[in-house]
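This report concerns selected helices and strands of the structure shown below.

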Amino acid sequence: MWLYVVAVLLALFLLRRWHRERQTVPGLSEKHVLITGCDSGFGNLLARQLDARGLRVLAACLTEAGAAQLRAAASSRLQTVLLDVTSSKNIADVTAWVRERVGDGGLWGLVNNAGIAIPTAPNEWLTKEDFVKVLDVNLVGLVEVTLSLLPLVRRARGRVVNVASVMGRVSFFGGGYCISKYGVEAFSDSLRLEMRNFGVKVCVIEPGYFKTMITNTENLEKNFLSSWQKLPEEIKSSYGEGYLRQMVAALKVLQKGYNSDLSLVTNCMEHALTSLHPRTRYSAGLDAKLLYLPLSYLPSALSDALLTLFYPKSIG
C-alpha cells in the first residue's frame, strides 16, 4: 500500500515538473542573448540554435575568423563581436556595444561559455603562471563579464547561464581547470541568491566529457609533454617517464568515451534561457548523470579509492 502511494506521489511530482518545464517565456523573438566563446564548440552551436529559434543572438568570438564563419552559418539577425574575457578594456567596450543594441529592454540572457583547459598536468609539474592562465579565462574573466553586464540583465529580469563542468563537482586532475569550475559553481550560487529579489535567474550547466577543442587529445598530449620537458631532473626522476606514458595512454582511453553530440549541452542552455521555470543546475551527458554526479556525493575516502584505480603510478 505504501509503495503504491509513494509511486503515485512520485508520478505526480514528475508530471508537474514536466508540465512546468514545458512552459516557455513569451516574446522570445524580441529578446537579446549574449554568448561568449562562440568560435567553436558549445558556444558556436548554441548561437546557431538560438538564432534558428528566432532570438536576437549577440555572439562574442575570440577571433575574426570564428566570427566570420559563424555569421556565414546564421541569419542576418545574429551579430558578432570580438571579446577576450581577460581584457578589462575589451569587456567594457563590448558592454557598451551590447547596451546600444538591447536598448531599454535590457539583456535577457548572458551565457558565460568561454573557457580553456591548458595548461593542465599534475600540480607539481605546473607553475603559478600556468594556473593563472586558466583561472583568468574560466573564472576571473567570467566574473568580470557578468558584473559588467549584470545591470542590463537586471533591467530585463533575465537569465545568467554559467558553464561549469562535472570537474566542478569532482576534481581528479591538476591545473587550474577544476579549480576554476569549482569557482564558477560557488560564484553562481552566491549570485543566484543575490539576484532572486531582482527576478534574475542564475543557472549552471555541468557537462560531462564532450568532443570539443577543450578535450582535444592531441593538444592535451602536447601540453603534457611540454610540461614534462620543463621539469627539474629531481621531479622527473621522482615520477619516472612511465608516469608520463601512463597519463598519455589514459588520455587516449578516455577519448573513446567522449560524446560528440554537443546538442545535449546546448539543449540544456536553451532550456535555461527559454523556459519559464528553468532548473538551477543541468547535468549534460550520461557520464555526468550516472558517474560524476553520484561520485561527487560519495565520502571522500571512497571516491579517492575509486579514482586512484585509474591514476598513473610513479615508478621513478
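What span should the 20 residues of helix α6 (residues 176–195) have at 1.5 Å a residue, and how far apart are its end C-alpha atoms? The expected span is 28 Å, and the end C-alpha atoms of α6 lie 28 Å apart, which agrees. The expected span is 1.5 Å times one less than the number of residues; helices (H or I, at least four residues) and strands (E, at least two) are DSSP runs numbered from the N terminus.

The model is predicted: local features need pLDDT of at least 70 and side-chain atom pairs pLDDT 80 or more, while totals for chains, interfaces and linings use all residues. Residues are numbered from 1 along each chain as its sequence is written, and side-chain values use heavy atoms, without hydrogens and water.

| Helix | Residues | End-to-end C-alpha distance | Expected span |
|---|---|---|---|
| α6 | 176–195 | 28 Å | 28 Å |
| α9 | 241–255 | 22 Å | 21 Å |

Among the buried residues of α6 (under 20% relative accessible area, 1.4 Å probe, protein chains only) are Tyr177, Phe187 and Leu191. The cover over the buried residues of α6 includes α5, β5, β6 and β7. In α9, the buried residues include Tyr243, Met247 and Leu251; the buried residues of α9 pack against α7 and α8 (contact: heavy atoms within 4.5 Å).

Six of the seven residues of β6 are buried, so β6 is largely enclosed by the rest of the structure. Strand β6 pairs (at least two DSSP bridges) with β5 in the parallel sense over five bridges, and with β7, also parallel, over four. Val204 of β6 is the bridge partner of Asn162 and stands opposite Arg281 in β7.

Methods: Buried means under 20% relative accessible area, exposed over 50%, partly exposed in between (1.4 Å probe, protein chains only).
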